[in-house]
Structure formats: C-alpha cells, structure tokens
Amino acid sequence: MLTKKQLDLLEFINKCVQRDGVPPSFDEMKDALDLRSKSGIHRLITALEERGFIRRLAHRARALEIVKLPEAMGGTPAHGFQPRVIDGDRPMAGQPANAHPVEAIHAMELPMMGQIAAGVPIEAIQHASHNVAVPGAMVAGPGEHYALEVKGDSMIDAGINDGDVVVIRETQVADNGDIVVALVEDHEATLKRFYRRGDAIALEAANPAYETRLLPSDKVKVQGKLVGLIRTY
C-alpha cells in the first residue's frame, strides 16, 4: 500500500520516463510534489525502493529504473509495462547466449552516428560507423531514428551518464523542456534541454556544474529529440 505522496512520485517518474526516456532530476521531483527540500524526495524514493517499485542503478548518480507499477497505475510489467533502461549484451532467459540480438530482444538496428557531448560541445555528428540494436518499442514513433554515444556528465541529473547510448528521433522542432541534439553554429553538437526565450534559445544542462548557454535562435538547429536510453554494464 502506497501513501498518496509515494504514488504521486511514482506516477511522475513513470510519466517522465515514458515521455523523455529518462527519469526526472531530484529538483524536478521536488517541484512536482511541491516539497521544500530534496530530503523528502530521498525518503519517498527509499520507500518506493523498499516496496520493490523502483531500483536505484548502482554507481549511477540519481539514476532510477521503474521495476513495477501498482494496480492503480495499470499493474506490473506482466500487464505490459517495460522499463526503459535496458542491460546490453545479455541474452534473454531461454535464449542461447549466441542468439542474434535482433532475434533475442525483438530489436531494431539503428546507425551509430558517433558521439554527442553532454558537457562542452564537441565536433558535429559524424557519419554512421556501425549499427546498434535497440528495443523496437523505443522507435515506435514516426520519423527516422539514430543512436549516439554520450560523452561527458552535464546531463547526469537527468539520468544520462558518460558512455550511455541515446536513441534519437530525427526532428527539427522541439518543445520547451525536451532533451534534444542541438547543432550550434553548424559545427558543434550537444545534448541538452531545449527552451525558447524570446528570440534566443537556451540549452540547459542537468548538472549544476554547467551553465545554461543562451544563443541567438539562428545559431541553434535542432537535429533530433531523445526517445530512449541504453546502458551497458
């Protein structure tokens, strides 16, 4: 039995994971539940973890995975819910270890387009070097998709860590708060939250160590929106 606050937090985390592909930051959770400090969020997360609804990913700052949902939110993974963070290079139960990954996890292959900076912008996205298998559910939306390897820690509070692979849906438009691949001045690519501020674009990190970059709108081109995350241990 969950308290109202515990249920509210679980619903908010689930909503963010389904919408953004990553869990919310502690500040976002605090604001969503109208709490005065993050200590209350820590207590709620601990309670949800103890009851088996979420799992904190080891050695990953503020990274959460939903394990199951209560009946009030549509049941458990047996009723169709699947966590959005997956383990790579592990065969499914009942599958031989050498099974082709596309057959084993009903995956689709996407081009790996190089590295994307979650920190100081690096050179623009490269041409595809190889393909990577991702769950088909991650690319169920319209448009073309591609994958990028994350370098840096500026999005760590959004659950995106150095070395993760992000799945991107190609688009040139974004809403405020979306995590996007932004091309800055046609030569620097970076992964940040997108906000319009008048005639300017704000590219906001999810790490207090990095300042928000405010750029003229004609200097920023959206090249895609985050729809999923793959983490290999």
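**Exercise 1. Find out which residues of α3 are buried, and where they sit around the helix axis.**

Start with the burial list: G40, I41, L44, I45, A47 and L48 are the buried residues in α3. Now look down the axis: these residues cover an arc of only 160°, so they lie on the same side of α3. Keep in mind that this is a predicted model.

Next, flip to the face turned away from that buried side, where you'll find the exposed residues R43 and E50. To finish, ask what the buried residues pack against: the partners are α1 (4-20), α2 (26-32), β1 (54-56) and β2 (64-66).

**Exercise 2. Check whether the end-to-end distance of α3 agrees or disagrees with its 13 residues.**

The helix runs over residues 38-50, and at 1.5 Å a residue it should span 18 Å. The expected span takes 1.5 Å times one less than the number of residues. Now compare with the model: the end C-alpha atoms of α3 are 18 Å apart, which agrees. While you're at that end of the chain segment, note that α3 is followed by G52, which has a positive phi near 85°.

**Exercise 3. Work out how α1 and α3 are oriented towards each other, and which residues make the contact.**

Take the axes: those of α1 and α3 come within 10 Å and cross at roughly 85°. Angles of 65 to 115 degrees count as roughly perpendicular, so α1 is roughly perpendicular to α3. Then list the contact residues: α1 brings K5, Q6, L9 and L10, while α3 brings I41, L44, I45, A47 and L48.

**Exercise 4. Place strand β11 among its neighbours and decide whether it is enclosed.**

One side first: β10 (residues 188-197) pairs with β11 in the antiparallel sense, over five bridges. R197 stands opposite A200 of β11. The two strands form a hairpin with two residues between them, and G198 in the turn has a positive phi of about 65°.

Now the other partner: β12 (residues 213-216) runs antiparallel to β11 and is joined to it by four bridges. Here I201 has L215 as its bridge partner.

Last step, burial: four of the five residues of β11 (residues 200-204) are buried, so the strand is largely enclosed by the rest of the structure.

**Exercise 5. Locate L229, say whether it is buried or exposed, and give its distance from V134.**

L229 belongs to strand β13 (residues 220-231). Its relative accessible area is 0%, so L229 is buried. As for V134, it is 95 residues from L229 in sequence, yet the C-alpha to C-alpha distance between them is 9.1 Å.

Note on methods:
Residues are numbered from 1 along each chain as its sequence is written. This is a predicted model: local features need pLDDT of at least 70, side-chain atom pairs count only at pLDDT 80 or more; totals for chains, interfaces and linings use all residues. Side-chain values use heavy atoms; hydrogens and water are left out. Buried means under 20% relative accessible area, exposed over 50%, partly exposed in between (1.4 Å probe, protein chains only). Two strands pair if DSSP finds at least two bridges between them. The arc is that of the directions from the helix axis to the C-beta atoms. Contact means heavy atoms within 4.5 Å. Axes are lines fitted to C-alpha atoms, for helices over the stretch in contact, and angles run from 0 to 180 degrees between N-to-C directions. Angles under 35 degrees count as roughly parallel, over 145 as roughly antiparallel, 65 to 115 as roughly perpendicular and the rest as oblique.
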